There are 2 protein chains.
Amino acid sequence: MSSKPIYLGVIGVGGVGTAFLNQLARLPNAPSLVLLARSSQTLTSPAPAYSPAIPADWQTASANPSLTKSGPLSPPEIVSYLSSAPGRSVLVDNTSDPALASAYPLFLRAGISIVTPNKKAFSSDLSLWKDIFAAAAEGKALVYHESTVGAGLPVISTLRDLVATGDEVTRIEGVFSGTLSFLFNTFAPVSGSSSAKWSEVVTQAKQLGYTEPDPRDDLNGMDVARKLTILARIAGLEVQSPDSFPVESLIPAELASLPATPDGVSQFLARLPEFDGQMAALKEQAEKAGKVVRYVGSVDVGKKEVKVGLQQFDKDSAIAGLKGSDNIISFYTKRYGSNPLIIQGAGAGGDVTAMGVTADLIKVLERLQ
Amino acid sequence: MSSKPIYLGVIGVGGVGTAFLNQLARLPNAPSLVLLARSSQTLTSPAPAYSPAIPADWQTASANPSLTKSGPLSPPEIVSYLSSAPGRSVLVDNTSDPALASAYPLFLRAGISIVTPNKKAFSSDLSLWKDIFAAAAEGKALVYHESTVGAGLPVISTLRDLVATGDEVTRIEGVFSGTLSFLFNTFAPVSGSSSAKWSEVVTQAKQLGYTEPDPRDDLNGMDVARKLTILARIAGLEVQSPDSFPVESLIPAELASLPATPDGVSQFLARLPEFDGQMAALKEQAEKAGKVVRYVGSVDVGKKEVKVGLQQFDKDSAIAGLKGSDNIISFYTKRYGSNPLIIQGAGAGGDVTAMGVTADLIKVLERLQ
């Protein structure tokens with residue numbers, strides 16, 4: 001509760017990064033921004049004074065002649081710069097860079113706290129997960145990653161509270177991809193009927209900017225698998241990696257090997273209508289049972305089972321009734337009994353993802369002070 | 001992040017208090033329990049050593065001859081005892097005592113942090129709310145009160161995160177009473193029809209232990225009004241008191257003045273059937289519009305409007321579809337757009353309420369360390 005100066009490094013100025021910088025600029029008592037980097041360039045406040053602070057806006061910052069400019073710094077170089085600051089420091093990683101993620105233990109052991117929406121560190125090999133939390137347990141720095149699942153929705157914090165207070169989480173289930181939520185809510189709505197073909201819905205989603213540049217990066221289910229890996233690990237399961245459990249890909253096998261180039265993506269979308277019949281059959285099969293088809297992930301803690309893929313849901317279920325690109329996450333626990341604790345809302349988008357990052361940063365600052 | 005000893009006082013050993021003590025007993029690195037009180041008796045660890053610690057169980061503790069026993073202590077006496085402990089201290093108030101609640105500023109200014117599910121302090125006169133947060137802002141102690149709304153559901157923390165990160169909360173709406181949720185989910189279910197009369201449902205709920213000993217304490221809407229007062233204040237509205245806005249009471253005017261004695265309660269339940277026709281009419285009116293009636297609270301931040309009472313909802317809405325005694329809280333914000341951030345689940349019960357208290361305590365300990 002004393003007031004020591006805190007120094008902040010921020011990497012990534014994409015959608016989430018820019019939204020975060022906007023929120024940071026409006027934060028009362030914000031820490032001093034001393035490192036701001038995008039993939040090709042790094043701005044730092046000159047050492048040893050670590051002053052002037054960097055304005056929380058890439059355009060303004062990069063035009064400031066008092067700041068030191070360099071190319072991309074390696075993780076050890078960033079560690080060295082931040083850990084030499086005359087106070088505690090925090091790194092906000094707004095990238096999805098696996099190399100930076102695998103250096104988190106290095107940062108934490110050097111006393112640099114980590115706040116990030118980057119799923120890579122927490123959903124890759126189990127050994128990295130263990131190393132990160134072993135490093136944090138040394139007590140020199142903190143790691144917060146709310147926005148790795150459900151963007152700004154309070155998913156990670158709620159699960160951690162359930163576990164920390166001794167509740168027994170038995171099952172976690174939900175829709176974890178805003179993109180796949182939109183695709184199925186549009187393709188197989190609960191009320192009324194949609195005549196849209198699957199390929200049309202995918203193309204429309206891409207045009208609206210709801211998919212990754214290559215929609216196959218959503219359709220392969222790996223983003224959902226990474227989120228489930230994180231939740232399962234917090235719930236106590238030793239999940240080796242996001243490909244160590246069944247993940248149903250929605251990419252037709254015949255189109256999986258098309259190159260990940262703009263041309264490959266065009267070919268993929270051009271050939272996707274060949275498979276509309278398969279998706280229509282899945283939809284009709286569900287309809288005959290009075291249900292709808294949705295792409296979900298689940299963790300059965302008792303059975304140590306994680307899976308990701310299509311499932312049928314009753315039309316009056318919460319999952320079937322989702323709107324737009326909302327996520328929904330249900331926690332079944334011993335204390336909550338038969339009715340789960342449910343969190344629902346936008347699970348993607350720059351502003352809400354950044355909100356989770358900013359809220360985490362506030363908590364880290366409160367604990368470091 | 002250093003490790004100073006932390007001393008804990010706990011008041012209240014009712015349903016929530018006992019569940020909390022169970023969770024505390026299982027907490028790794030729990031702080032030292034040095035004061036444990038119920039309404040008629042107080043146990044303390046002998047000063048000046050503040051040792052031995054008190055076992056987290058009233059029966060065991062009260063049989064321990066090494067502890068100091070006394071009658072109820074006044075708030076200033078508790079402040080004096082806890083603030084003289086050889087380390088930081090935290091008071092967990094598991095009562096609904098307004099006198100203790102109005103002493104929170106005293107505790108906070110003496111460096112004693114507060115963790116509580118007691119709504120009184122935060123939902124009574126606005127001046128007490130302001131005094132509490134002014135005292136906390138002096139920086140000597142913290143105040144956490146997640147379980148004052150929605151029990152262990154992450155309602156307060158989510159709203160505070162939205163506000164702190166600069167989102168604009170426009171509207172909050174929901175079902176905030178487990179008791180009233182059960183009553184209306186049973187009286188006017190979405191699917192199928194219920195022939196149960198209102199008075200039968202109320203009597204059944206009382207028999208199941210879902211209501212207060214005097215069901216009028218649920219039916220008057222004041223519990224919901226207190227929760228709305230808290231949320232509205234966090235969202236920035238200066239609500240003077242829980243009776244400064246419209247609250248619809250479900251107690252027939254003719255029965256309001258029956259005494260709050262067991263005999264008065266019996267008379268109330270005996271005469272309630274006289275008013276079944278009124279409730280049936282409300283239900284049928286909604287049904288004709290294809291809707292169901294629910295008891296909800298809402299805050300319109302822009303219009304500075306708080307209200308609590310009956311409203312009709314579409315049968316496919318999330319509020320209409322609630323099950324059992326679940327709560328649901330929807331936050332409409334600028335960042336979340338047209339689809340709100342929704343939290344849903346059990347909003348009453350000893351274990352889940354205590355979970356919110358324990359999770360708050362963990363956060364306070366993390367910040368004090």
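These legends walk through close-up views of a predicted model.

**View 1. The annotated span of chain A.** UniProt lists residues 12-146 of chain A as "domain: Aspartate/homoserine dehydrogenase NAD-binding". The entry is unreviewed. Within this span, 38% is helix and 19% is strand. The C-alpha atoms at its two ends lie 17 Å apart.

**View 2. The seven-stranded sheet of chain A.** Seven strands of chain A form an open sheet. Their order is 4-3-2-1-5-6-7, and the pairing is mixed. Strand 4 (68-70) and strand 7 (143-144) of chain A are the edge strands. Each of them pairs on one side only. Helix 3 (residues 75-83) of chain A packs on this sheet. The strands that helix 3 touches are strand 1, strand 2, strand 3 (41-44), strand 5 (88-93) and strand 6 (112-115) of chain A. The direction of helix 3 makes about 145° with that of strand 5 of chain A.

**View 3. Parallel neighbours in chain A: strands 1 and 2.** Strand 1 (residues 6-11) and strand 2 (residues 32-38) of chain A run parallel. Five bridges join them. To find the pairing by eye, start at A:Leu8. Opposite A:Leu8, in strand 2 of chain A, stands A:Leu33.

**View 4. Antiparallel neighbours in chain A: strands 2, 3 and 4.** Strand 2 and strand 3 of chain A form a hairpin. Two residues lie between these strands. They run antiparallel and are joined by four bridges. One bridge pairs A:Leu35 with A:Thr44 in strand 3 of chain A. Strand 3 of chain A also pairs with strand 4 of chain A. That pairing is antiparallel too, over three bridges. Here A:Thr42 has A:Ser70, in strand 4 of chain A, as its bridge partner.

**View 5. Helices 9 and 10 of chain A.** Helix 9 (residues 178-187) and helix 10 (residues 198-207) of chain A pack at an angle of about 135°. Their axes are 10 Å apart. This angle makes helix 9 of chain A oblique to helix 10 of chain A. The crossing of helix 9 and helix 10 of chain A is right-handed. Helix 9 of chain A contributes A:Phe182, A:Leu183, A:Phe184, A:Thr186 and A:Phe187 to the contact. Helix 10 of chain A contributes A:Trp198, A:Val201, A:Val202, A:Gln204 and A:Ala205. By class, this contact has eight nonpolar, two polar and no charged residues.

**View 6. The seven-stranded sheet of chain B.** In chain B, seven strands form an open sheet with mixed pairing. The strand order is 4-3-2-1-5-6-7. The edges are strand 4 (68-70) and strand 7 (143-144) of chain B, each paired on one side only. Strand 1 (residues 6-11) and strand 5 (residues 88-93) of chain B run parallel, joined by six bridges. B:Ile11 has B:Asp93, in strand 5 of chain B, as its bridge partner.

**View 7. Two helices on the sheet of chain B.** Helix 1 (residues 15-25) of chain B packs on the sheet. It touches strand 1, strand 2 (32-38) and strand 5 of chain B. The direction of helix 1 makes about 155° with that of strand 1 of chain B. Helix 3 (residues 75-83) of chain B packs on the sheet as well. Its strand contacts are with strand 1, strand 2, strand 3 (41-44), strand 5 and strand 6 (112-115) of chain B. The direction of helix 3 makes about 145° with that of strand 5 of chain B.

**View 8. Helices 8 and 12 of chain B.** The axes of helix 8 (residues 156-164) and helix 12 (residues 222-234) of chain B come within 10 Å. They cross at roughly 20°. Helix 8 and helix 12 of chain B are therefore roughly parallel to each other. Helix 8 of chain B passes helix 12 of chain B in a right-handed crossing. B:Ile156, B:Leu159, B:Arg160 and B:Val163 of helix 8 meet B:Ile230, B:Leu231 and B:Ile234 of helix 12. By class, this contact has six nonpolar, no polar and one charged residues.

Note on methods
Residues are numbered from 1 along each chain as its sequence is written. Chains are lettered from A and ligands numbered from 1 in the order in which they are written. This is a predicted model: local features need pLDDT of at least 70, side-chain atom pairs count only at pLDDT 80 or more; totals for chains, interfaces and linings use all residues. Side-chain values use heavy atoms; hydrogens and water are left out. UniProt positions are given in the numbering used here, feature names are shortened, and annotations may be inferred rather than shown by experiment. Two strands pair if DSSP finds at least two bridges between them. Contact means heavy atoms within 4.5 Å. Axes are lines fitted to C-alpha atoms, for helices over the stretch in contact, and angles run from 0 to 180 degrees between N-to-C directions. Angles under 35 degrees count as roughly parallel, over 145 as roughly antiparallel, 65 to 115 as roughly perpendicular and the rest as oblique. A crossing is left-handed if the near helix is turned anticlockwise from the far one by less than a right angle, and right-handed if clockwise. Ala, Val, Leu, Ile, Met, Phe, Trp, Tyr, Cys and Pro count as nonpolar, Asp, Glu, Lys and Arg as charged, and the others, Gly among them, as polar.
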